[in-house]
Amino acid sequence: MTGPEVVFTLLGVVAVGSGIMVVTTRQLVHAALWLVVSFGALAGGYLVLTAEFVAWVQVLIYVGAVVVLLLFGIMLTRAPIGESEDLDSGNRWVALGVALATAGVLVTVLVMGFRDAYTPLKGDQGAAEGLGASIFRTWVLPFEVLSVLLLAALVGAIVLSRSDIGPQDPASGNGKGNR
Amino acid sequence: MHLAYPAVVSALLFSIGVYGVLARRNAILVLMSVELMLNAVNLNLVAFDVHWRDRLHGGQVLTLFTIVIAAAEVGLGLAIVLLVYRNRRMIDVDRLRTLAEDGTNGNAAGERPDADARHGAEVSSS
């Protein structure tokens, strides 16, 4: 094992372990905070893989925005702060079987397929300069389409979460079931 | 670096996300598990982009696009979850069985979006 492999293995252990904590912890807020640890470890993994721009975007958007959004969701649904007993549904053993089967198949196939694939890590693949030039030269059409999609999603989220528009009066009869 | 390391880590993260989506009851925890699965895909994309040394940076650009789509997805998903909470007073995905075919299993009478619950929800939110 070389140095980057050791660092990546440690970061991978942290990411997978905190991911397991996300799906097994009994406290909702702790799940969101373990998600921060998992995303941070993955950002470190991107740095080891020389994808530095993706690593910083991961830190900015996932750790900075998505987790805060999830915490706001936990707060607005008035989740209990302490331990709650019924966070797992009744089919958790079936889910565990499915997840173990998925892990077995994927790990077996990937290890068999890429056992000998070796990647030399040089520091010029993930720099912001080449990535930005590639986005705005080759991939500019998907970029623009994605910006329109993001705008539509934000407008949709605003429309969904406002309560003063849409069917107004529940007593008038035609307001129910319209949404 | 051998390519097996990021591939195995991403496969394990994806399996954890599958378990979370199937086993969790709270809708926000299901959204968190979906985020874990998307991150596994991102790690795979970055690893293979670095491995093939793509001159167009296709994998990393697609990773950025996936991150943006995940942000949009979690925004819309949380808006829908909040709407469900405003109407039903709970967000347990295995008890939201109004669209199920039998409609009998685990659907208590108090969870119907009848006029009283809606009225109370709108009064309390205004």
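Here is a walk through chain A on its own and then through its contact with chain B. Keep in mind that this is a predicted model.

Start with the fold of chain A. Its secondary structure comes to six helices and zero strands, so from the N terminus on you simply read α-α-α-α-α-α. What does that do to the overall spread of the chain? The radius of gyration of chain A is 22 Å, well over the 16 Å that the globule rule gives for 179 residues, so chain A is more spread out than a compact globule. You can check that against the box filled by its C-alpha atoms, roughly 70 × 45 × 30 Å along the principal axes. Buried residues make up 26% of the 179 residues in chain A. As for contacts within the chain, take those with a separation of 6 or more: 58% of them join residues 24 or more positions apart.

The domain assignment splits things up a little further. It gives chain A a domain 1 covering 1-80 and a domain 2 covering 127-164. Taken over C-alpha atoms, the centres of these two domains are separated by 23 Å.

Now bring in chain B. How many residues does each chain put into the contact? Chain A contributes 79 residues and chain B contributes 66 residues. On the chain A side, α1 (3-24), α2 (28-48), α3 (52-76), α4 (92-113), α5 (128-137) and α6 (140-161) each supply at least two residues. Of these, α3(A) gives the most, with 12 residues. The character of that side of chain A is also worth a look: its residues divide into 52 nonpolar, 21 polar and six charged.

Since α3(A) gives the most to the side of chain A that touches chain B, let's zoom in there. One of its partners is helix α2 of chain B, residues 27-52. Two packed helices are described by the angle between their axes and the distance between the axes. Here the axes come within 11 Å and cross at roughly 170°. Angles over 145 degrees count as roughly antiparallel, and α3(A) and α2(B) are therefore roughly antiparallel to each other.

Which residues meet along this pair? From α3(A) come V54(A), V66(A), L70(A), G73(A) and I74(A), and across from them in α2(B) are I28(B), L31(B), M32(B), E35(B) and V46(B). The residues of this helix-to-helix contact divide into eight nonpolar, one polar and one charged. If you're following along in the structure, G73(A) and E35(B) are among the residues to pick out in that contact.

How values were computed
Residues are numbered from 1 along each chain as its sequence is written. Chains are lettered from A and ligands numbered from 1 in the order in which they are written. This is a predicted model: local features need pLDDT of at least 70, side-chain atom pairs count only at pLDDT 80 or more; totals for chains, interfaces and linings use all residues. Two residues are in contact if their C-beta atoms, placed from the backbone, lie within 7 Å. Helices (H or I, at least four residues) and strands (E, at least two) are DSSP runs, numbered from the N terminus. Ala, Val, Leu, Ile, Met, Phe, Trp, Tyr, Cys and Pro count as nonpolar, Asp, Glu, Lys and Arg as charged, and the others, Gly among them, as polar. Axes are lines fitted to C-alpha atoms, for helices over the stretch in contact, and angles run from 0 to 180 degrees between N-to-C directions. Angles under 35 degrees count as roughly parallel, over 145 as roughly antiparallel, 65 to 115 as roughly perpendicular and the rest as oblique. Domain bounds come from an automatic or database domain assignment. The radius of gyration is taken over C-alpha atoms; the globule rule is 2.2 Å times the number of residues to the power 0.38. A residue is buried if 20 or more other C-beta atoms lie within 10 Å of its own, exposed if 12 or fewer, and partly exposed in between; C-beta atoms are placed from the backbone.
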